[in-house]
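User: I would like to go through the salt bridges and cavities of a model, with each label set against the rule behind it.

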Amino acid sequence: MWENLLLGVSTALTPTNLLWCFAGVVLGTVIGLLPGMGSATGVAILIPLTLTVEPVTALILLAGIYYGAQYGGTITSVLLSTPGEAASVVTTLDGYQMARQGRAGAALAIAAIGSFAAAILSLILLAALAPPIAQVALRFGPPENLAVMVLALVTMVVLSTGSTLRAAAMACVGVLIACVGIDAGTGQARYTFGSVNLLSGIPYVEVVIGLFAVGEVLHQIRAGGARPIRAGFRDLVIRRSDIRDSAGAIGRGSLIGFALGTLPGAGSTLASFLAYGLEKRVSRNRANFGHGAIQGVAAPESANNAAANANFIPTLTLGIPGGATTAVLLGALTVYGIQPGPLLFTEQPELVWGLLVSFFIGNVILLVLNLPLAPVFAQLLRVPYGFLYPLILVTSFVGAFAIDNNFFSVVLVLIFGFVGYGMKRLDLPMAPLVVGVVIGALLEKALVQSSAIFDGNMWLLATQPICVVILLIAAAMLTAPLLARHRAGRKEHADVR
């Protein structure tokens, strides 16, 4: 392994590759700042520009765009409550609240530190465990993926603030939204009401932008508009206590992100949601989640970055994309004449290990660039909201239009903006709805494929050991709060007697 790492270091540290790595993370950060653009779109747009350079150099650039966009999305999530991608949604829950409290700089700084720590840990695990983990990932078929999706929904329902029943209802609404379009099983259109624009479904990016960005603007306008934040520079800088409080969240988030990132199709979105849910479960600061808990930023950001790196395990070793962006990168590999698979690590070690080492270098660049600039980014909150709100709306609508160059996307953002406003007025949780939208299509696909495998007899899931373990965990999470309330009620009744 050490010989391969030294080969990767010698490859990644050439002046040309360093320059392209720097260009990639900077471009990625800018792309991440644009709602609706996303890393997958940014990588796809820039592939033609890389055809004149060496494949390893091109991949280093494209990978830099990938994880640079993750941090760019964090900046808008924290400052403007405008997640550019679904993976940034969870950061909005506590990051934006920290910004409203004058601690935007600390939120952005811990996101950069968490991402860097996750990159180091995931690189070590990636270098050591890529081949054996790829073999384990091969055992995850549609039934196992179905169980993971069920676990994700249960996690967000159980750990949402407020009523569990409301959270479950919102998760179901999210799944129903994801059902709009072509039926995965029959190929028939459903819930489209004759609209051609709905045949491809309702993309989660438009839903997320509408719910969080436009919904927040409408909510603030009705409330009379908040005053610009006048926090001092000292308040914007991360404290040593913040790092100490977030260390456990960063470690747990990194491990969850890496584990889920190795599963084909799971991606970083699911990892960020589950990391946030676990942290809320184990944290001593549980009551502050959703109100500005710094662990609520550290955990999903670490999971997001670790999953982004781990996505390359199934991509490089199996030729199966771990997410949307790695699917685009997989296409780029074929353009460069590279055949991903188990033999790639032995046949082209310079390319593989040079790419892996570039992850570490790129994250160092991100940390050096963005950690000192976090308080500077936070100064955006000093702008009067009379100027900031139009900027958020214009950015949201332009970003939505840029996804497919379709005005219908703008209409969807506006519709879900009013939905988000209504949910804020009624105090309904948004996270379960977003999870339902994001994994609804994946859940249905896994369900249809599992049903085909078992000839419609879904009871045969009980014959799959991995499925049984995951579903038992989900059942335990769902019933544990009910049993705890029942015991508390019986104890209270006994005390009264």
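The exchange below takes up the salt bridges and then the cavities.

Analyst: This is a predicted model, in which local features need pLDDT of at least 70 and side-chain atom pairs count only at pLDDT 80 or more, while totals for chains, interfaces and linings use all residues. Residues are numbered from 1 along each chain as its sequence is written, and side-chain values use heavy atoms, with hydrogens and water left out.

User: Why is the contact of R190 and D183 called a salt bridge?

Analyst: The term requires a side-chain nitrogen of Lys or Arg within 4 Å of a carboxyl oxygen of Asp or Glu. The N to O distance for R190 and D183 is 3.1 Å, so the pair meets that rule. By this rule the count comes to four salt bridges.

User: Which residues are linked in a network of salt bridges?

Analyst: The network links D183, R190 and E444. Besides its bridge to D183, R190 forms one with E444, where the closest N and O atoms are 2.5 Å apart. Because R190 lies in strand β2 (residues 189-190) and E444 in helix α20 (residues 431-453), this pair ties together parts that are 254 residues apart in sequence. Helices (H or I, at least four residues) and strands (E, at least two) are DSSP runs, numbered from the N terminus. Both R190 and D183 are buried, and E444 is buried too.

User: What makes R252 partly exposed or E279 buried?

Analyst: Buried means under 20% relative accessible area and exposed means over 50%, with partly exposed in between (1.4 Å probe, protein chains only). R252 has 35% relative accessibility and therefore counts as partly exposed, whereas E279, at 2%, counts as buried. R252 forms a salt bridge with E279, their closest N and O atoms being 2.7 Å apart.

User: How do you know that there are cavities, and how many are found?

Analyst: A cavity is a set of points, on a 1 Å grid over the protein atoms alone, where a 1.4 Å probe fits but cannot get out. A search of the whole structure finds four cavities of 30 Å³ or more, and the largest has a volume of about 90 Å³, a volume being the space filled by probe spheres set on the points, which are joined across faces, edges and corners.

User: Which residues line the largest cavity?

Analyst: Lining residues have an atom within 4 Å of a point. Of the 13 that line the largest cavity, the closest to its centre are Y71, S115, N305, N363 and L366. Helix α17 gives the most to this lining, with four residues.

Key:
1 Å grid on protein atoms, 1.4 Å probe; cavity = no way out; pocket = protein on both sides within 12 Å on 5 of 7 lines; lining within 4 Å.
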